[in-house]
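Trainee: I would like a close look at a single part of this model, with its surroundings explained as you go. Please take it in one connected account.

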Amino acid sequence: MIFYTKKLVLLNKKLYNYAMTILRLIILFIMVLSCSAFAAEQKEAPVVMLDSGPISGRITEGVREYLGIPYAAAPIGKLRWKIPKDVPAWTNVRKCTEFGPSCPQPPTMRNLEKISEDCLYLNVWTAAGSSADKLPVMVWIHGGAWNFGSSSFEEYNGVNLANKGVVVVNFNYRLGPFGFWTHPRLSMESSRDVSGNYGFLDAIMALWWVQFNIDAFGGDPDNVTIFGESAGAVNVTLLMVSPLAKGLFHRAIAESGGPVGIQYLIPQVTGDMAASLKMGKALAVKLKCDKADDVVASMRRKTTEDILEAYDFKMGLFGKGLFFGPVFDGWALPKDPAKVYSSGDQYNVPIIIGSNKDEGTDFITAEDRSMKKYKLFMESRFGRGSSKAMGLFPAKRKKESIARALNDAITVAAFAEPARFVADSMKKKKAKAYLYQFTR
């Protein structure tokens, strides 16, 4: 398993890289005679040798792009709700010119052409002239409340950024109940007696892939920046405290998200394992698997569509449904990250973190603009401090005033203050923190 075997190899990475370079040269020399004419005819990018096998890509605007590269075994069948496994190797050149399927998720306004649980694919964009260029690497983690999103979204296309002189990587990770379901019986399968966080472990697996393959694209595995937005930004700040991510990145950028604050948008997001296990049992009940002799096996027999229908997650300030996201499991996330940052025990890497003006407007619906909903939001989010919060973000009875107050409260509590908290925590480290607010 990659979290263990490859960690040993990384201790002697120079020797490993030398061996991989020799292997790639031998295989590429053999393949170039048969592939060069075809590549020229099809205008494909040169063949690249990965630790799992050779791939080809395409050239767009002077950038070599390799799309739909598998970075882990398909998490289907018995591998559903398992930590990511090494992808099976291949010998023939694999054509990587199309995005892999998006991970299963509730319906959205986005048109996702391909959806499958076999979704652990990543994409690479590089303008490097050769593998010796050692360009900086930037690894993007998409947002979407851990329930939505895909690396194939057009706004995540890495061509423009690659043309700035970096190697760009982005990837899919398991979402919602497929990526974060917890259950006592599922925990019993683990040698650590934990369940959940599979989508978070996917991110760590992708970073391991970068360490062992990015040099083939002209990237520097010792100069990796992780960056993400919304839930992707939260993942960045969680990777800053995960012992499994140590040494896998060297800089961080968190856009509109931090280790605290998300509960102001989604109250179910507490990170508490007991609360997550309770929701995990509820999902098993909804799927009528709770009385089975083997609950997990019964759940694994359910179709993707069955699980999504039973899950029925919807975004909203007042949603009361099930929600599965990162949990403090004592392994991948051993502690409450708020306490880790408060004590200055996060990784000593430079970070850029910040938020946007008026971010709360994206989460407020027309039905939320009532005094009743305003008071309900303040009381449910701030508890005993709700009177003080309403004093800081006062609202009159006009809908415009209520919307403004809700926007300000969400913007500060869920985005601006968490960014300030992380930046302030870096005072205890040698690495610098840069705090921003985007107001355009």
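Mentor: Start with one pairing in this predicted model: Asn 123 lies opposite Asn 170, a residue of strand 7. That pairing belongs to a set of four bridges between strand 5 and strand 7, the latter spanning residues 167–171, and the two strands run antiparallel. Strand 5 itself covers residues 121–126, and this is the part to look at closely.

Strand 5 also pairs with strand 3, residues 63–70, again in the antiparallel sense, here over five bridges. A position to find on screen in that pairing is Arg 64, which stands opposite Thr 126 of strand 5.

Next, consider how covered the strand is. Six of the six residues in strand 5 are buried. The burial applies to both faces: one side carries Tyr 121, Asn 123 and Trp 125, and the other carries Leu 122, Val 124 and Thr 126. Asn 123, with which we began, is therefore on a covered face, since buried here means under 20% relative accessible area.

Now step back along the chain into the loop between strand 4 and strand 5. A disulfide is a covalent bond between the sulfur atoms of two cysteines. In this model, Cys 103 and Cys 119 form one, with their sulfur atoms 2.1 Å apart. The two cysteines are 16 residues apart, and each of them sits in the loop between strand 4 (94–95) and strand 5. The torsion about their S-S bond is about 90 degrees, so this disulfide is right-handed. Searching the whole structure gives one disulfide.

Both partners are out of reach of the probe for the most part. Cys 103 counts as buried because its relative accessibility is 1%, under the 20% cut-off. Cys 119 is buried as well, with a relative accessible area of 1%. Two further cysteines can be checked in the same manner: Cys 96 counts as buried at 0% relative accessibility, and Cys 289 counts as buried at 0% too.

The loop between strand 4 and strand 5 also holds Glu 117. At 11% relative accessibility, Glu 117 falls under the 20% limit and so counts as buried. Its side chain makes a polar contact with the side chain of Arg 80, at 2.6 Å. Leaving aside residues up to four places away in sequence, Glu 117 touches Pro 75, Ile 76, Arg 80, Pro 104, Phe 178 and Thr 304. Arg 80 is thus named twice for Glu 117, as a residue that Glu 117 touches and as its polar partner.

Finally, place this part in the whole chain. The secondary structure comes to 14 helices and eleven strands. The radius of gyration is 23 Å, close to the 22 Å that the globule rule gives for 440 residues, so the chain is as compact as a globular protein of that length. Along the principal axes, the C-alpha atoms fill a box of roughly 75 × 55 × 40 Å. Of the 440 residues, 54% are buried. Among contacts between residues at least 6 apart in sequence, 77% join residues at least 24 apart. The accessible surface comes to about 20400 Å², and carbon and sulfur atoms account for 56% of that surface.

Technical notes:
Residues numbered from 1 in each chain as written. Predicted model: local features only at pLDDT ≥ 70, side-chain atom pairs only at ≥ 80, totals over all residues. Heavy atoms only, no water. Buried < 20%, exposed > 50% of the residue type's maximum accessible area, 1.4 Å probe, protein only. Pairing = 2+ DSSP bridges. Disulfide = S-S within 2.5 Å. Rg over C-alpha atoms; globule rule 2.2 N^0.38 Å. Contact = heavy atoms within 4.5 Å. Areas by Shrake-Rupley, 256 points an atom, 1.4 Å probe, with all protein chains shown as cover. Polar contact = N/O pair within 3.5 Å; in protein donor to acceptor, adjacent residues only side chain to side chain.
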